[in-house]
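Here is a short set of exercises to work through with the model open beside you. Try each task on your own before you read the solution.

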Amino acid sequence: MFRRLLFKNFKLFYRLNQFLKYRFTQHGLMMLIIMITAGIFGIDTRSTLSFQLFSIAFLLLCTAFILSLLHRKQYEIRRILPDTGMVGELLEYRCIINNNSKQTIQNLIIIDELYSEFPDFSYFAKSSDPLDKKRFRFDRIVGYPRLINLLRYKRGGSIPSVNVDYIASHHSIEEKIRFKPLRRGYVYLNKIMLARSEPLGLFQSIKSFSQKDKILILPKLYQLPELDMIGHRMYLSGNRQQVSKKGDTQEFVSLREYRPGDPLRAIHWRSYARLGKPVVKEYQDEYQVRYGLILDTFLSPGNTIPVFEEAVSIAASFVASHKQQDSLLDLMFIGNRAYRYTSGKGHHQTQSILEILACAESNSENNLSDLFALLNSHINECCGLICVLLEFDIERQTFLKQLDQLGMPATAFIITDEQSADINIQFQHISPVFIPTDNVQITLDQLKQAPKVAA
Amino acid sequence: MSDVVSSRKKLLPAPPLSILVALLIWGWQTDYLIFAIVMGILLEAYWIINFRINFSDKDINQIVDLSGLLFFLTIVYVFVNYGANGIYKILELLPFTLFLILLIQRYSPHNTIKTSALFLSIRRLGKDANDELLYEIDISMPYLFMCLISASSGHKENTLFFIACAVMFFWIGNTFRPKHIAFYKWALPVCIAFLLAFVTQTGIKRMHSATETFFMSLIDHYGWRSSDPDRKMTAIGQLGRLKLSDRILMRVHTKVENKQPVYLQELTYSKYEYGIWSNPATDFNPIQKTSNKKEWILNRTQTVLKSYDVGIYMQDQSAITAIPTNTQSLTGQDLVQIETNENGVIRIDAREGWINYRLKTTDELFYDGLPNEQDSYIYDKYKDTFKTLADELELDNKTHKEVITTIQRYFADNFYYSPSQNQRYPKGKYLEHFLFDNKRGHCEYFATATTLLLREAGIPARYTVGYVMSEYSDWEDGYLIRGRDAHSWVQYYLDGKWRILDTTPAVWAPMESADSTFLEPIYDFFSWLRYIITSEDIDASANDDFNFAWLLIPLALYLIWSFSRKERLSKQSIGSNASNNVEIYGTDSPFYELMYILEKKYDARRPAETLSQWIKRILPDANQLYEIIALHYRYRFSLNSNKQTARQELISKVNEQTMSIN
């Protein structure tokens with residue numbers, strides 16, 4: 001009850017905070033603080049003269065507000081956005097501002113914003129923030145810093161405002177805006193605003209333009225080592241359809257007698273002429289290397305979102321580094337249903353798989369049995385597996401044991417918040433690799449030095 | 001919902017000399033002018049002094065923490081000494097407490113302070129703090145305005161202070177005027193705002209006066225308890241439960257055990273009408289103190305019965321105090337003046353806060369004034385009531401001593417103590433209902449009724465208020481007198497003496513104390529702590545005062561010593577990339593000086609040319625330079641080597657090489 005009440009106040013407080021950020025300049029905010037402080041101390045006019053400071057600050061702010069109403073100009077703005085960005089990498093887009101008025105415009109500020117719904121109380125109550133460990137108990141109990149971080153994360157980042165010094169009359173200019181996306185998936189842009197300070201430099205008049213846009217943010221990618229993928233080639237039925245080129249790419253093996261049904265173009269005419277009976281060319285059956293990439297999406301209550309994000313990033317790194325002409329890669333995970341996407345040799349392009357991964361979400365319900373069922377149904381098509389797991393708990397250990405019993409060579413990347421983990425279980429076909437969330441790249445780099453790491 | 005990152009313009013630094021001027025205004029208003037000049041010069045010398053001290057983040061954090069600690073101690077000290085009014089004293093002292101932070105900012109290379117230094121919550125986040133939380137700010141302008149707000153607590157010159165503030169706002173405001181706005185376009189609205197502000201501040205003051213007058217009149221009519229020697233409003237006729245404060249007002253230490261409660265008289269009143277006791281206006285006259293001693297004799301009787309060491313909390317520098325009616329003398333270093341009026345009320349002048357004095361009692365009352373007409377006066381509206389009661393008790397046929405006994409017995413046998421009054425009666429009928437109907441009430445009903453009944457019986461009597469000393473504290477080894485020990489009783493004049501008569505059932509004190517809050521021991525502990533810290537020994541001489549400000553001297557010496565050990569940077573060398581010098585350790589390698597000399601003397605280093613290649617090109621045989629380069633790389637990039645040792649070695653080798661080149 002108390003927390004719910006606090007949450008309602010947070011909403012109000014947050015809105016007030018946003019209003020102050022939009023409407024006041026830094027000096028205007030300082031003037032507001034002076035006014036409030038002087039007002040508090042000046043209540044008793046017999047004890048202090050603070051009421052004089054209050055009246056000066058109050059009247060300056062009132063004057064600034066009135067002046068801000070008088071300075072309305074005609075201008076418009078539009079964005080030119082890229083299709084995708086990447087988590088943690090600067091994303092740049094352009095804004096074009098047209099000055100339609102007869103006067104020049106100076107000291108304009110572009111305020112663009114990422115948009116998300118304000119979380120409801122149940123969502124907020126369930127959310128966790130790794131930074132809470134470092135916060136004061138009061139902050140943890142009250143939860144406002146957590147809410148602000150949550151909002152920031154839901155939005156996908158914060159866009160810094162950009163100053164425009166000068167736009168001539170009936171001219172347009174182009175400004176670049178850069179921001180660093182905090183999360184993968186779609187980030188939404190709602191309204192874009194142009195703010196302009198009034199003559200006193202305390203208050204800002206704001207003109208907002210509603211422009212709904214979205215950008216897909218791809219997962220963060222790591223540099224993967226050249227993994228020596230042990231496994232075995234295997235015959236794939238229907239391979240011809242999966243080959244992108246025809247003719248020369250088929251490898252000649254031997255000649256044999258014609259059998260009904262052999263294509264005419266396979267007849268070796270010289271041998272036919274020499275032997276007097278039809279002889280056909282025999283080609284080697286198509287063998288391919290096909291790997292399965294298993295992404296664990298079950299985020300148990302004790303686990304944290306960064307662990308899942310790192311897991312997605314590592315999976316995406318495998319997809320990105322996959323050489324499409326050499327092999328096939330099956331991405332398998334459980335979302336609201338079982339998903340299996342294949343990349344390489346005429347299937348999905350890497351970009352498409354990365355987009356799918358960008359929108360993959362964690363699941364709080366145990367779906368490891370579904371994941372195993374999905375894997376089991378396709379295990380015969382794979383020659384090696386890469387598993388990205390979120391934990392090394394009993395459920396995952398059972399999962400890996402089952403996998404081990406299938407005899408499929410696999411490497412299990414286990415993402416963990418901890419620096420090191422003890423492996424008490426011995427696997428016959430699986431090589432577990434623990435990757436701490438705060439040291440992912442270094443751990444991956446160290447894999448280069450290990451002789452045969454992957455499946 | 002949306003978010004905006006504040007990449008807007010940051011707070012500008014205060015213009016040169018503005019901090020000094022703000023501090024001078026503060027010093028002028030608060031009488032800290034000397035300090036203000038010294039502090040102002042130290043802060044403004046920043047513009048002239050050519051070196052900066054390379055404070056690390058840790059140093060700055062420590063200084064901010066130290067300032068926070070000083071601020072906290074100031075709050076404790078001020079609240080202990082000044083009570084609730086201390087808030088204005090804290091406001092007055094703010095420029096002192098935050099001075100160190102601005103000083104360290106001014107003499108640090110960047111002239112800014114990280115938000116992590118100022119806010120512990122951000123500091124705890126460390127590297128995880130995002131850009132919206134962790135950034136660098138210049139606190140000079142907030143400090144400047146804080147000085148002005150602090151100056152307002154001085155309350156010396158109304159109009160001049162307003163003008164000074166307006167000039168400061170104009171001066172500082174001009175610095176954040178948008179560049180494209182012409183000065184006159186900015187100045188005109190600002191001046192209009194100042195004019196309106198002047199009118200507004202006058203209005204605020206008048207509005208405050210009018211509001212205060214209105215509420216004071218309300219309190220005067222409906223409030224309860226005050227120490228006005230001329231007028232006393234009782235709670236007679238008020239509905240609800242009477243609740244008095246548990247706060248400790250006095251502490252009394254005595255070596256003699258008191259078997260009976262001691263009555264400490266504060267005020268006496270003679271005229272009663274509709275719940276208000278009053279006196280004709282009286283003047284206070286000072287009592288002459290004994291020469292060479294801080295002792296005031298109230299009663300010339302030489303016999304001393306008991307001696308009490310009294311600690312009393314002074315809300316103001318002058319207060320009416322409660323003392324036993326048989327007081328012989330008052331002694332104490334804290335006492336400045338003692339006055340009395342014709343009703344025997346004692347007013348003492350002393351400093352604010354807890355003070356101590358010694359009180360001696362004798363067997364005679366110090367007040368021997370004769371009763372006057374007012375002491376026999378009964379308001380017409382009550383005459384019938386008390387006549388009826390006097391007839392019922394047949395007081396006419398009894399001697400005065402018998403009257404006293406009869407009245408005492410009458411109240412003891414027929415009445416009950418009750419702090420509550422739940423029935424509403426017509427104005428002036430409360431005493432009648434108390435006497436004839438419900439026969440229960442609190443001490444004011446008993447004392448008022450007794451006073452008027454005695455007068456009806458022909459005995460001059462006065463309504464008396466004060467405190468009863470009965471609660472003994474083992475912890476403090478003395479008696480405690482709380483707000484709830486306030487009591488009223490009667491003084492009557494018989495056989496040439498004023499005597500005390502208390503007809504309130506004795507159960508009143510336990511009933512009041514039973515209602516105390518469970519937090520009382522905690523309040524008592526803090527009250528005792530405050531008393532121990534702030535009160536001075538009765539027998540201490542005035543010269544024993546210890547000024548705690550002296551404790552700051554070792555602190556200042558430590559800071560000077562600590563700062564002097566820091567590396568100094570010249571202002572010019574800091575440049576715009578000053579932050580990198582501190583952030584990336586090793587970029588201050590002495591090799592760069594040598595490189596500069598070599599480039600001037602021989603040839604500049606080409607793009608993408610390594611240091612070794614460059615040296616090989618310009619000085620192929622200078623083997624020692626390769627050693628210096630290796631040392632430079634070690635200092636610049638190695639994480640494991642001892643940086644300080646490498647630096648020292650590098651400096652000596654670079655110096656040698658520089659000498660040989662020159």
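## Exercise 1: A hairpin and its neighbour

Strand 16 and strand 17 of chain B make a hairpin with 5 residues between them, and G344(B) in the turn shows a positive phi of about 80°. Keep in mind throughout that this is a predicted model.

**Task.** Find how strand 16 of chain B pairs with strand 17 of chain B, and how it pairs with strand 10 of chain B.

**Solution.**
- Step 1. Start with the hairpin: 5 bridges link strand 16 to strand 17 (residues 346-350) of chain B, in the antiparallel sense.
- Step 2. Pick a pair to check: L335(B) has A350(B) in strand 17 of chain B as its bridge partner.
- Step 3. Now turn to strand 10 (residues 285-286) of chain B, which is joined to strand 16 (residues 335-340) of chain B by 2 bridges and runs antiparallel to it.
- Step 4. Check a pair here too: opposite N285(B) you will find T340(B) of strand 16 of chain B.

A reminder for this kind of task: the strands of a sheet pair through backbone hydrogen bonds, in a parallel or an antiparallel way.

## Exercise 2: A second hairpin

**Task.** Which residue in the turn between strand 25 and strand 26 of chain B has a positive phi?

**Solution.**
- Step 1. Locate the strands: strand 25 (residues 486-494) and strand 26 (residues 497-501) of chain B are antiparallel and share 5 bridges.
- Step 2. Confirm the register with one pair, Q491(B) opposite I500(B) in strand 26 of chain B.
- Step 3. Look at the turn: 2 residues lie between the strands of this hairpin, and D495(B) has a positive phi of about 55°.

## Exercise 3: The two sides of a helix

**Task.** Which residues of helix 22 of chain B are buried, and which exposed residues lie on the face turned away from them?

**Solution.**
- Step 1. Check the geometry: helix 22 (residues 623-637) of chain B has 15 residues and reaches 21 Å from first to last C-alpha, close to the 21 Å expected at 1.5 Å a residue.
- Step 2. List the buried residues of helix 22 of chain B: L625(B), I628(B), L631(B), H632(B) and Y635(B).
- Step 3. They cover an arc of only 120° around the axis, so they sit on the same side of helix 22 of chain B.
- Step 4. Recall the general rule: an α-helix has 3.6 residues a turn, so residues three or four places apart point the same way.
- Step 5. Turn to the face away from the buried side of helix 22 of chain B, where the exposed residues are N623(B), A630(B) and F637(B).
- Step 6. Ask what does the covering: helix 20 (591-601), helix 21 (611-618) and helix 23 (643-661) of chain B are among the elements over the buried residues of helix 22.

## Exercise 4: Positive phi in loops

**Task.** Are H170(A) and E394(B) buried or exposed?

**Solution.**
- Step 1. Place H170(A): it lies in the loop between strand 5 (162-167) and strand 6 of chain A, and its phi is near 55°, a positive value in a residue other than glycine.
- Step 2. Count neighbours: H170(A) has 11 C-beta neighbours inside 10 Å, so it counts as exposed.
- Step 3. Place E394(B): it belongs to the loop between helix 11 (380-392) and helix 12 (400-414) of chain B, and its phi is positive, about 55°, although it is not a glycine.
- Step 4. Count again: E394(B) is exposed, with 11 other C-beta atoms within 10 Å.

## Exercise 5: Where the chains touch

**Task.** Which helix of chain A gives the most to the side of chain A that touches chain B?

**Solution.**
- Step 1. Count both sides of the contact: 52 residues come from chain A and 53 residues from chain B.
- Step 2. Find the contributors: elements of chain A supplying at least two residues each include helix 1 (2-23), helix 2 (26-41), helix 3 and strand 4 (105-115).
- Step 3. Helix 3 of chain A gives the most, with 10 residues.
- Step 4. Sort by class: this side of chain A has 24 nonpolar, 20 polar and 8 charged residues.
- Step 5. Look at helix 3 of chain A itself, which is mostly covered, with 16 of its 21 residues buried.

Notes
Residues numbered from 1 in each chain as written. Chains lettered and ligands numbered in written order. Predicted model: local features only at pLDDT ≥ 70, side-chain atom pairs only at ≥ 80, totals over all residues. Pairing = 2+ DSSP bridges. Helix = DSSP H or I, 4+ residues; strand = E, 2+ residues; numbered from the N terminus. Expected span 1.5 Å × (residues − 1). Buried ≥ 20, exposed ≤ 12 C-beta atoms within 10 Å, placed from the backbone. Arc of directions from axis to C-beta. Contact = placed C-beta atoms within 7 Å. Nonpolar A, V, L, I, M, F, W, Y, C, P; charged D, E, K, R; others polar.
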